[in-house]
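Here is a set of short exercises to work through with the structure open beside you. Try each task on your own before you read the solution.

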Amino acid sequence: MGSKGMKTREKIRQEAYRLFAQKGFQAVTMTDICEKTGLSRGGLYRYYSGTDQIFSEILSEEYVIADRMEKQESAGSILEDMLKAIENEIMEKEMSLSLAIYEYANLGNESLFIDIHQKARKRWIDLIHYGMETGEFQTVNPEQAADLILFYYQGLRMWSRVIPFESKTAEYYVKTVKEMLLAE
């Protein structure tokens, strides 16, 4: 696919993300996405077969850190960037996919979420190992730390959709993760 096609796919995902965050998964139609993107139905279907394919692709996008570790970037700066993105997501509840994720999972898509969770868990474990190797992180059990980080985050993300959080709630998450990982 050429660069124009890749840009169109990215635009579709961005607009669909906003719709899914606002309305949930089940309420979003291909017509809604056409209206937001300005594409015709045929134009949209050239890139995606349905809302489930778009949503699945959105969920499968990963925060890439392997190349940063390969370039020997600081584990602390990688952690800082990841936590900043998480903090922003927790506090921007209107951009949270939590409701849509719950709906999508209940439609029999558990295997996708298992795969996404396993990839995220591996990413955190790899970063924790890397940070311990560079001496930037304390010695911790990487599997336990990764589970705590992920489930704490997922809980905050889900609850931020239904109860108001002060900014200090997201700040506590960031502080807790840093205290657990960063060497003094």
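**Exercise 1. The end of the first helix**

Task: Find the residue that follows α1 and say what is notable about its phi.

Solution: Step one is to go to the end of α1, which covers residues 3-23. Step two is to look at what comes next: Gly-24 follows α1, and its phi is positive, near 90 degrees. Keep in mind that you are looking at a predicted model.

**Exercise 2. Checking the length of α1**

Task: Work out whether the span of α1 agrees with 1.5 Å a residue.

Solution: Start with the count, which is 21 residues for α1. The expected span is 1.5 Å times one less than the number of residues, so α1 should span 30 Å. Its end C-alpha atoms are 30 Å apart, and therefore the two values agree.

**Exercise 3. Ala-21, buried or exposed?**

Task: Decide whether Ala-21 is buried or exposed, then do the same for Tyr-102.

Solution: Buried means under 20% relative accessible area, and exposed means over 50%. Ala-21 has 0% relative accessibility, so Ala-21 counts as buried. It is in good company in α1, where the buried residues also include Ile-12, Leu-19 and Phe-20. The buried residues of α1 pack against α2, α3, α4 and α7. For a feel of how the chain folds back, take Ala-21 and Ile-101: they are 80 residues apart in sequence, yet 9.3 Å apart in space, C-alpha to C-alpha.

Now turn to Tyr-102, which lies in α7. Its relative accessible area is 51%, so Tyr-102 is exposed. Tyr-102 also belongs to a nonpolar surface patch with Met-158, Trp-159, Val-162 and Ile-163. Together these residues have about 530 Å² of accessible area.

**Exercise 4. A walk along α8**

Task: Describe the span of α8, its packing partners and the residue that follows it.

Solution: First, the span: α8 has 25 residues (110-134) and reaches 36 Å from its first C-alpha to its last, close to the 36 Å expected. Next, the buried side: among the buried residues of α8 are Leu-112, Trp-124, Leu-127 and Tyr-130. The buried residues of α8 pack against α4, α5, α6, α7, α9 and α10. Finally, the residue that follows α8 is Gly-135, with a positive phi near 85 degrees.

**Exercise 5. Finding the cores**

Task: Which residues have the most contacts inside the largest nonpolar core, and which element gives the largest share of this core?

Solution: Begin with a general idea: in soluble globular proteins, nonpolar side chains tend to be buried together. Here the largest nonpolar core has 27 residues, and those with the most contacts inside it are Leu-79, Trp-124, Leu-127, Tyr-173 and Leu-181. The elements that give two or more residues to this core are α6, α8, α9 and α10. The largest share, 7 residues, comes from α6. Take Leu-79 as your example: beyond its neighbours within four places in sequence, its contacts are Trp-124, Leu-127, Phe-137, Val-177, Leu-181 and Leu-182. There is also a second, separate core of 24 residues, including Leu-19, Phe-55, Ala-100 and Leu-112.

**Exercise 6. Stepping back**

Task: How many helices and strands does the protein have, and what percentage of its residues count as buried?

Solution: Count the elements and you get 10 helices and 0 strands. Then look at burial: of the 184 residues, 41% count as buried. As a last step, consider the contacts between residues at least 6 apart in sequence: 71% of them join residues at least 24 apart.

Technical notes: Residues are numbered from 1 along each chain as its sequence is written. This is a predicted model: local features need pLDDT of at least 70, side-chain atom pairs count only at pLDDT 80 or more; totals for chains, interfaces and linings use all residues. Side-chain values use heavy atoms; hydrogens and water are left out. Helices (H or I, at least four residues) and strands (E, at least two) are DSSP runs, numbered from the N terminus. Buried means under 20% relative accessible area, exposed over 50%, partly exposed in between (1.4 Å probe, protein chains only). Contact means heavy atoms within 4.5 Å. Patches are made of residues with over 30% relative accessible area and no salt bridge: like charges are joined within 9 Å, nonpolar side chains (Val, Leu, Ile, Met, Phe, Trp, Tyr) within 5 Å. Accessible areas come from the Shrake-Rupley method with a 1.4 Å probe; for residues, only the protein chains shown count as cover. A salt bridge is a side-chain nitrogen of Lys or Arg within 4 Å of a carboxyl oxygen of Asp or Glu. A nonpolar core is a set of buried Ala, Val, Leu, Ile, Met, Phe, Trp, Tyr and Cys residues joined through side-chain atoms within 4.5 Å.
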